[in-house]
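Open your viewer, switch to a cartoon view, and keep the selection tool handy. We will take one stop at a time, and each stop says what to select and what to look for.

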Amino acid sequence: MADVPASVAVFDLDGTLIDSYRDIASALDEVLEAVGATPLGSEVIRTMIGGGAKVLIQRALGDGADELFAATHARFYDTYRR
């Protein structure tokens, strides 16, 4: 393979390089409260992390909360970015 300079570096920040669960949990709890769902706390949310934001939100909302998913999913990204 030729020496080609990389133009992109990708990091998987799943706790290997940084432990970001507190930031994820804080954002998710804020959004859960905003949509009328019960905040879960960082230690509970920590056990739900894995599989991406969509899976995390589905786990947090539980079964039968399909009507809340779209609103929660959209708000989560904005809240987490902030």
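Which residues of α1 are buried? Hold that thought while you get your bearings.

**Getting oriented**

Keep in mind that this is a predicted model. Colour by secondary structure and you will find four helices and zero strands, arranged along the sequence as α-α-α-α. The protein has 82 residues, and buried ones make up 28% of them. If you draw a surface, it covers about 5,900 Å², with carbon and sulfur atoms supplying 53% of that exposed area. Among contacts in the protein with a separation of 6 or more, 48% are between residues 24 or more positions apart.

**Stop 1: helix α1**

Select residues 21-34, which form helix α1. Put a distance label between the C-alpha atoms at its two ends and you should read 20 Å. That agrees with expectation, because 14 residues at 1.5 Å a residue should span 20 Å.

Now back to the opening question. Show side chains for Tyr21, Ile24, Ala25, Ala27, Leu28, Asp29, Val31 and Leu32: these are the buried residues of α1. To see what covers them, add α2 (42-48), α3 (53-61) and α4 (66-81), which are included in the cover. Before you leave, step just past the end of α1 to Gly36, where phi is positive at about 90 degrees.

**Stop 2: Leu28**

Select Leu28, in helix α1. Is Leu28 buried or exposed? Its relative accessibility is 0%, so Leu28 counts as buried. Setting aside residues up to four places away in sequence, Leu28 touches Ile45, Leu56, Ile57, Ala60 and Phe76. Show those five as sticks to see the surroundings of Leu28. For one of these partners, Ile45, try the backbone too: the C-alpha atoms of Leu28 and Ile45 are separated by 8.3 Å, while the two residues are 17 apart along the chain.

**Stop 3: Asp29**

Move on to Asp29, also a resident of helix α1. What is the nearest side chain of opposite charge to Asp29? It is Arg22, 12 Å away, and Asp29 is buried yet has no salt bridge. What you can find instead is a backbone partner: the backbone nitrogen of Gly41 sits 2.9 Å from a polar atom of the Asp29 side chain. Widen the selection to the contacts of Asp29 beyond four places in sequence, and you get Pro39, Leu40, Gly41, Ser42 and Ile45.

**Stop 4: Thr79**

Jump to Thr79, in helix α4. Thr79 counts as buried because its relative accessibility is 13%, and the cut-off for buried is under 20%. Leaving out neighbours within four places in sequence, Thr79 is in contact with Ala27, Glu30 and Val31. Keep Glu30 displayed, as the next stop uses it.

**Stop 5: the salt bridges**

How many salt bridges are there to find? The count comes to three, and here they are in turn.

- Select Arg82 and Glu30, whose side chains meet in a salt bridge at 2.4 Å, N to O. This pair links distant parts of the chain, 52 residues apart: Arg82 is in the segment after α4 and Glu30 is in helix α1. On a surface view, Arg82 is exposed, with a relative accessible area of 68%, whereas Glu30 is partly exposed at 38%.
- Select Glu43 and Arg46, which form a salt bridge at 4.0 Å, N to O. Both are in helix α2, and because they are three residues apart, about one helical turn separates them. Glu43 is partly exposed, with a relative accessible area of 48%, and Arg46 is partly exposed too, at 38%.
- Select Asp78 and Arg81, with a salt bridge at 3.0 Å, N to O. Both lie in helix α4, three residues apart, or about one turn of the helix. Arg81 is exposed, with a relative accessible area of 63%.

For the two pairs within a helix, try looking down the helix axis. An α-helix has 3.6 residues a turn, so residues three or four places apart point the same way.

**Last view**

To finish, show Leu28, Asp29 and Glu30 together. Leu28 and Asp29 are among the buried residues of α1, while Glu30 is partly exposed and pairs with Arg82.

Technical notes. Residues numbered from 1 in each chain as written. Predicted model: local features only at pLDDT ≥ 70, side-chain atom pairs only at ≥ 80, totals over all residues. Heavy atoms only, no water. Buried < 20%, exposed > 50% of the residue type's maximum accessible area, 1.4 Å probe, protein only. Contact = heavy atoms within 4.5 Å. Areas by Shrake-Rupley, 256 points an atom, 1.4 Å probe, with all protein chains shown as cover. Expected span 1.5 Å × (residues − 1). Lys, Arg positive; Asp, Glu negative; His and termini not counted. Polar contact = N/O pair within 3.5 Å; in protein donor to acceptor, adjacent residues only side chain to side chain.
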